[in-house]
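Visitor: I am new to this structure and should like to understand the terms used to describe it. May we go through them one by one?

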Amino acid sequence: MAEKIAVIIPAFNEAPVLQDTVASVRRVSPTATIVVVDDGSTDGTQTVAYACADVVLSHRKNCGLGAAIMTGLEYAKREGYTSCITFDADGQHDAADIPHALQKITDGYDVVVGSRFRGSHSGMPRTRRFVLLAGNIVTFLFFGVWTSDSQSGFRAFSRRAIETIYLKSNRMEVSSELYGEIHRLHLKYTEIPIHIRYTKYSLGKGQRNANGLKILLKLLYRL
Amino acid sequence: MTLLLPIQLGLLLFIVFAATRAIARFRGGSLHLGSLAFWLCVWAAATLAVFFPNETTSIAQMVGISRGVDVIVYSSIALLFYLVFRAYIYIEDLRTQISTLIRELALRDVKKKRA
């Protein structure tokens, strides 16, 4: 089967940075299809996405990160992509990490998660580090998979993973739920080091520390 | 016949109102037979407690609580917790269904430049 790669970028009100993010991905992966999932943005993200992405999927209402990722995966499944990457729109991920993740998929892994704790994470606040560690412990207790960065948005999926993973969580708790799917479907999983650049913008856009409790409650509900 | 106290009359009117609402919802098709039976049992028990308040004390003492009214308060809190949980599940299910619908619309109206 010919290689067909999609880079899925979920975006909610990311108009100021989306073009730069898409350009950085295109520089590194010129043959990949860049799929932006606009999750009901109200700041013109959709217009920016039409201008720079290859494919735009638009949620008419804001459904949440989990729903946006699942929309991207469903598109990749229907269009026969052999592998795909999920990549944050806020500019904190480094597109230079994409080839390494895809290499791991070629090596036979089904799910590859980029871990900032195995790579670098300049500018990470100390409280964020604590919340992420708590997220790893909760993910292990709920889903039986130990990970060094359970809330990472940088992931790569094989065709098998694209076809079988079904994420029910609509919002941020999707990051932990993914490990439940890895466990349930016996997918071959690994981590790679990635490089995260925290900026004032990305810290304002990403998960807030107070969301941790909300995510825990949602995971309890999913039991 | 002993006259009803104002609080008993008020509670009784509320119970009648709640029971008729449950029956109306069952007739309208938005409440299953099992749910109707559950609610009618709840309101029947409440009616007995209104008419025989002293009997609730003997039931309370059987389960280790001194006053009958405390049993009612504890049971009501447990029931409320359960109902809030049910409502939460219902809202989450609705949210998932809405997301599925929005996803299908997005996939149907996909804009492609290159794929």
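Guide: Let us begin with A:Asn13, which sits in the loop between S1 and H1 of chain A. Please bear in mind that this is a predicted model.

Visitor: Why is A:Asn13 called partly exposed?

Guide: A:Asn13 has 17 C-beta neighbours inside 10 Å. A residue is buried at 20 or more and exposed at 12 or fewer, so A:Asn13 counts as partly exposed. Its phi is positive, about 55°, although A:Asn13 is not a glycine.

Visitor: What makes A:His186 exposed?

Guide: For A:His186 the count is 9 other C-beta atoms within 10 Å. The limit for an exposed residue is 12 or fewer, and A:His186 is therefore exposed. This residue lies in the loop between helix H7 (174–184) and strand S7 (189–197) of chain A. Phi of A:His186 is also positive, near 55°, in a residue other than glycine.

Visitor: How do you know whether A:Cys84 is buried or exposed?

Guide: A:Cys84 has 29 other C-beta atoms within 10 Å. Since 20 or more make a residue buried, A:Cys84 is buried. It belongs to strand S4 (residues 83–86) of chain A. Leaving aside neighbours within four places in sequence, its contacts are A:Ile5, A:Ala6, A:Ile8, A:Ala76, A:Phe157 and A:Ile162.

Visitor: What makes A:Met124 partly exposed?

Guide: Here 15 other C-beta atoms lie within 10 Å. Buried begins at 20 and exposed ends at 12, so A:Met124 is partly exposed. A:Met124 is in the loop between strand S5 (111–122) and helix H5 (126–143) of chain A. Not counting residues up to four places away in sequence, A:Met124 touches A:Arg129 and A:Tyr198. The C-alpha atoms of A:Met124 and A:Arg197 are separated by 8.4 Å, with these positions 73 residues apart along the chain.

Visitor: Why are the buried residues of H1(A) said to line one face of the helix?

Guide: In helix H1 (residues 15–28) of chain A, the buried residues are A:Val17, A:Leu18, A:Thr21, A:Val22 and A:Val25. Seen down the axis, they fall within an arc of 140°, so they line one face. On the other side of H1(A), A:Asp20, A:Ala23 and A:Arg27 are exposed.

Visitor: What puts the buried residues of H2(A) on the same side?

Guide: The residues concerned in helix H2 (residues 45–52) of chain A are A:Thr45, A:Gln46, A:Val48 and A:Ala49. They cover an arc of only 160° around the axis, which puts them on the same side of H2(A). The elements that cover them include strand S1 (5–11), H1, strand S2 (33–39) and strand S3 (55–59) of chain A.

Visitor: Which residues touch the most other members of the largest nonpolar core?

Guide: That core has 62 residues, and those touching the most other members are A:Val7, A:Ile8, A:Ile9, A:Ile34, A:Val35 and A:Val36. Its largest share, eight residues, comes from helix H3 (residues 65–78) of chain A. As for A:Val7, its contacts beyond four places in sequence include A:Val25, A:Ile34, A:Ile85 and A:Phe87.

Visitor: Why are H1(B) and H2(B) called roughly antiparallel?

Guide: Helix H1 (residues 6–27) and helix H2 (residues 33–51) of chain B pack at an angle of about 170°, their axes 10 Å apart. Angles over 145 degrees count as roughly antiparallel, and the two helices are therefore described in that way. Their contact consists of 13 nonpolar, two polar and no charged residues.

Visitor: What makes H3(B) roughly perpendicular to H4(B)?

Guide: The axes of helix H3 (residues 53–62) of chain B and H4(B) come within 7 Å and cross at roughly 75°. The range for roughly perpendicular is 65 to 115 degrees, so H3(B) meets that description. The contact has five nonpolar, three polar and one charged residues.

Visitor: How many residues of each chain meet where chain B touches chain A?

Guide: There are 17 residues of chain B in contact with 21 residues of chain A. On the side of chain B, the largest share, ten residues, comes from H4(B). That side divides into seven nonpolar, two polar and eight charged residues.

Note on methods:
Residues are numbered from 1 along each chain as its sequence is written. Chains are lettered from A and ligands numbered from 1 in the order in which they are written. This is a predicted model: local features need pLDDT of at least 70, side-chain atom pairs count only at pLDDT 80 or more; totals for chains, interfaces and linings use all residues. Helices (H or I, at least four residues) and strands (E, at least two) are DSSP runs, numbered from the N terminus. The arc is that of the directions from the helix axis to the C-beta atoms. A nonpolar core is a set of buried Ala, Val, Leu, Ile, Met, Phe, Trp, Tyr and Cys residues joined through C-beta atoms within 7 Å. Two residues are in contact if their C-beta atoms, placed from the backbone, lie within 7 Å. Axes are lines fitted to C-alpha atoms, for helices over the stretch in contact, and angles run from 0 to 180 degrees between N-to-C directions. Angles under 35 degrees count as roughly parallel, over 145 as roughly antiparallel, 65 to 115 as roughly perpendicular and the rest as oblique. Ala, Val, Leu, Ile, Met, Phe, Trp, Tyr, Cys and Pro count as nonpolar, Asp, Glu, Lys and Arg as charged, and the others, Gly among them, as polar.
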